[in-house]
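Hello,

Here is the structure I promised to pass on to you. Please open it beside this email, and then read on for what turned up in it.

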Amino acid sequence: MQQEIKEINRLLFAEKKEKGTVLDQMEALDKRINVRQELIRVTNQQSNLLNRQINVNIRSISKLREDLKILRDDYANLIQKSYQNKAQSNRLMFLLSSENFYQAFKRLQYMEQYAKHRKKQGEDIITKTNELATLNQDLVTQRKTKEQLLAENKKVKNELFNEIESQKNLLRSIRQNETKYTAAIAEKQKESRKIDREIERLIKSAIASTNKKAGKSSRTKFVLTPEAKLVANNFSANKGKLIWPVEKGIKSQGYGVYNDKLYPGIKHRNNGVTIATDQGSKARAIFEGEVIAILTVPGGSRGVQIKHGNYISTYYNLSNVYVKKGDKVLVKEVLGDIYTNRFDGTTKLKFYLYQDSNRLNPEDWIYQL
């Protein structure tokens, strides 16, 4: 989570002075606040766990000290009695004064057992003492760890407070320019719908073209050759394990419908996922397949569509494209340069996934997206 916060700061905020549209600023701030809140929750859990471990250690130390006191008292009595016995009579005389051989043998056994008992008690004292020292050292380490966790939590809470204040200030600024904000929302939604329509048009066109060659007329579902069916099966078998369409990045907006950060009554829809990455990053194929279309949205960026059996992956918001329609591509093959917004400095890839003409949630297919 700490690493994710660093990536959010680096990828969603191009400069310390936040630039870009107010909508992008709100989304970025909201994401960072959510991650910080989760980090606070996790560190609280860690602190509570350490508290329980420390309490267990304290009880164990108390029990060990009691055991050690009993052992030491017993050992002291044993040594005292041994000394007294040694002073009263010689061991040899103790054996020689036996009435018979059997009694002498039993007395010899008794002396050996007594000596072993003394030795064992001494060893037990050493073991308990070492165990106590180890527990004490563990307790010191755990307390230091707990103090460090509490300090981290305090720092994260302060940062969270500052970010919530920043969000409040941004909200006040937006409310003073409500017309500008709603215009930005409308423009963003319009652009998104235009991209979605073009993606779906090209998919239906590719389905119709492929099926026409097979003598079929469907525009919603691919008729698969044995080879295409094998690719589709391999693709499906890798659900949840497919690679990211960029080498490094974070998810800045997930799939599906979500509420506007300022006006919850306004709904936004993302038919794919948006991934923020570094300037100069390149889009890469998530699986082997065939390029079926190059997207060019008027007034927008470019994109690439790849067919994997009857699955289609789309990589949009590219400034340069390195492949062409009909090319066979391999997993991780570079498809193009991801566009960097010259106004806010952010570099974002919009990634979509379909099965035939049906939308899929890429978060279910890409590993830990």
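Let's begin with one pair of side chains: those of Tyr 311 and Gln 355 make a polar contact of 3.2 Å. A polar contact is a pair of N or O atoms within 3.5 Å; within protein, one atom must be able to donate a hydrogen and the other to accept it, and residues adjacent in sequence count only if both atoms are side-chain atoms.

Before we go further, a word on the model. It is a predicted one, where local features need pLDDT of at least 70 and side-chain atom pairs count only at pLDDT 80 or more, while totals for chains, interfaces and linings use all residues. Residues are numbered from 1 along each chain as its sequence is written, and side-chain values use heavy atoms, with hydrogens and water left out.

**More on Tyr 311**

Tyr 311 sits in strand 8 (residues 311–321). Helices (H or I, at least four residues) and strands (E, at least two) are DSSP runs, numbered from the N terminus. Tyr 311 counts as buried because its relative accessibility is 5%; the cut-offs are under 20% relative accessible area for buried, over 50% for exposed, and partly exposed in between (1.4 Å probe, protein chains only). If we set aside neighbours within four places in sequence, Tyr 311 has contacts (heavy atoms within 4.5 Å) with residues including Ala 232, Phe 235, Ile 306 and Trp 365. Tyr 311 and Leu 353 are 42 residues apart in sequence, with their C-alpha atoms 7.3 Å apart in space.

**The chain as a whole**

The chain has six helices and twelve strands. Of its 369 residues, 39% are buried. Among contacts with a separation of 6 or more, 69% are between residues 24 or more positions apart.

**The cores**

In soluble globular proteins, nonpolar side chains tend to be buried together. A nonpolar core here is a set of buried Ala, Val, Leu, Ile, Met, Phe, Trp, Tyr and Cys residues joined through side-chain atoms within 4.5 Å. The largest one has 30 residues, and Phe 235, Ile 286, Val 304, Ile 306, Tyr 315 and Leu 335 have the most contacts inside it. At least two residues of this core come from each of helix 6 (226–237), strand 4, strand 7 (302–308), strand 8, strand 10 (334–338) and strand 11 (347–355). Which strand gives the most to this core? Strand 8 does, with four residues. A second, separate core of 15 residues includes Leu 202, Ile 207, Leu 295 and Ile 312.

Try clicking on Ile 286. Leaving aside neighbours within four places in sequence, its contacts include Phe 235, Trp 244, Tyr 315, Phe 351 and Ile 366.

**Helix 6**

Which residues of helix 6 are buried? They are Ala 228, Val 231, Ala 232 and Phe 235. Seen down the helix axis, these buried residues fall within an arc of 100° (taken from the directions from the axis to the C-beta atoms), so they line one face of helix 6. On the other side, Pro 226, Leu 230 and Ala 237 are exposed. The buried residues of helix 6 pack against strand 7, strand 8 and strand 11.

**Strand 3 and Asn 271**

In a regular strand the side chains alternate between the two faces of the sheet. Have a look at strand 3 (residues 267–270): His 268 and Asn 270 are on its covered face, and Lys 267 and Arg 269 are on its uncovered one. Strand 3 runs antiparallel to strand 2 (residues 256–259), and four bridges join them; two strands pair if DSSP finds at least two bridges between them. One of the bridge partners is Lys 267, matched with Asn 259.

Asn 271 follows in the loop between strand 3 and strand 4 (273–277). Asn 271 is buried, because its relative accessible area is 3%. Its side chain makes a polar contact of 2.8 Å with the side chain of Asp 196, and another of 2.8 Å with that of Arg 269.

**Two backbone angles to find**

Asn 317, in strand 8, has a positive phi of about 85° although it is not a glycine. Asp 356, in the loop between strand 11 and strand 12 (358–360), also has a positive phi, near 55°, and is not a glycine. Asn 317 counts as buried at 13% relative accessibility, and Asp 356 counts as buried at 5%.

Enjoy exploring!
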